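Trainee: I would like to learn how to read a few local features of a model, going from a single residue to helices and a sheet. Could you take me through them step by step?

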Amino acid sequence: MSEGDAKLVSRMSRNSGDQSQRRRTIAKRVIEMGEVSVEDLATYTGVSLMTVYRDVAALEAAGILHKHRGKVVAAASGLHEATASYRLKQEATSKRQIAKAVASLIPPGSSVMLDDSTSGVWVLRELADCAPISVITNSLLVARELEEDSRHSLLVLGGEYQSWAAATMGPVTISNLEAVHADICLISASGIRNGTVYHPYADVAAVKAKMMESSELTILLLDHTKFKRRAMYSFGKLADVDVIVVDSETSEDDLQMLQDSGSRVIVATP
């Protein structure tokens, strides 16, 4: 390779890295704000409008953002949820904190029901060296996490597969849940309002509600970002939850609101 070719490859590699970082910055900005104009994103990132349009198109194709009425809207918003693969990587530090706290609440030999929330995957990783448990789930991410570990039993719920969630949903999933019962249910919410937990999609909310009904004990896993979001479909009250586990970045006001529900609240340590 000539010196000129080497410089070209180096420049292309650097530009690719800049592009990936910029797209992560755009995604984080939009998810934090809920919606942002392309003009504001261009100002925020210091690049041209055309560059932002290309970045948004790529993020839209990945199921992370949407363009709606001239605004760029977070896929993880009141009307949309981000893909499971994207959510699994978000707020990793907070999810790891929560997972460690939750893992200590699960006795050996328990039957544990996990929804499609990616927080459940982090809990399983914390339980890697624990005594065998029985897992019931509609999440393929959870199933894949356990496929190499023969110590644990695994029941995967049937239903209509939804690729964005990497999980099964719908009437068949609900019917399957009516035939099982678990010691513990681990769920998460997309938003909280007036003591009620919500998700953007009705079919997901229905599965979460049924999982709570089909378990002796419900543990709600919430990182601090969930308190800034709103969603459309209710699946229960905070008062219906036995234990709520949050990360260390949760504000005092949000903690007080959770404690007022009467549920046990645990703040995970860093």
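**From a loop glycine to a helix and a sheet**

Mentor: Let us begin with one residue of this predicted model: Gly158 has a relative accessible area of 24%, and because the partly exposed class runs from 20% to 50%, Gly158 is counted as partly exposed.

Trainee: Where does Gly158 lie, and which residues does Gly158 touch, not counting those up to four places away in sequence?

Mentor: Gly158 sits in the loop that links strand S6 (153-156) with strand S7 (160-162), and, leaving aside residues up to four places away in sequence, its contacts are Thr168, Val172, Thr173 and Asn176. For Thr168, the separation from Gly158 is 10 residues in sequence and 6.3 Å in space, C-alpha to C-alpha.

Trainee: Thr173 belongs to H8; which residues of H8 are buried, and which are exposed?

Mentor: The general idea is that an α-helix has 3.6 residues a turn, so residues three or four places apart point the same way. In H8, the buried residues are Thr173, Ile174 and Leu177; they span an arc of only 100° around the axis, which places them on the same side of H8. Pro171 and Glu178, on the other side of H8, are exposed. The cover over the buried residues includes strand S4 (111-114), strand S8 (167-169) and H9.

Trainee: How do H8 and H9 pack, and at what angle?

Mentor: Helix H8 (residues 171-178) packs with helix H9 (residues 202-213) at about 0°, the axes being 10 Å apart, and the two helices are therefore roughly parallel to each other. H8 contributes Thr173, Ile174, Leu177 and Glu178 to the contact, while H9 contributes Ala206, Val207, Lys210 and Met211. Sorted by class, this contact comprises five nonpolar, one polar and two charged residues.

Trainee: What is the order of the strands in the open sheet, and which strands stand at the edges?

Mentor: In general, the strands of a sheet pair through backbone hydrogen bonds, in either a parallel or an antiparallel manner. Here the open sheet has three strands in the order S10-S11-S13, and their pairing is antiparallel. Strand S10 (191-193) and strand S13 (233-237) are the edges; each has a single partner strand, so one side of each lacks a neighbour in the sheet. On average, neighbouring strands of this sheet are turned by 35° against each other, direction ignored. S10 is joined to strand S11 (residues 196-199) by three bridges, and Arg193 has Thr196 in S11 as its bridge partner.

Trainee: Which strands of this sheet does H9 touch?

Mentor: H9 packs on the sheet by touching S11 and S13, and the direction of H9 makes about 15° with that of S13.

Technical notes. Residues are numbered from 1 along each chain as its sequence is written. This is a predicted model: local features need pLDDT of at least 70, side-chain atom pairs count only at pLDDT 80 or more; totals for chains, interfaces and linings use all residues. Side-chain values use heavy atoms; hydrogens and water are left out. Axes are lines fitted to C-alpha atoms, for helices over the stretch in contact, and angles run from 0 to 180 degrees between N-to-C directions. Angles under 35 degrees count as roughly parallel, over 145 as roughly antiparallel, 65 to 115 as roughly perpendicular and the rest as oblique. Contact means heavy atoms within 4.5 Å. Ala, Val, Leu, Ile, Met, Phe, Trp, Tyr, Cys and Pro count as nonpolar, Asp, Glu, Lys and Arg as charged, and the others, Gly among them, as polar. Buried means under 20% relative accessible area, exposed over 50%, partly exposed in between (1.4 Å probe, protein chains only). Two strands pair if DSSP finds at least two bridges between them. The arc is that of the directions from the helix axis to the C-beta atoms.
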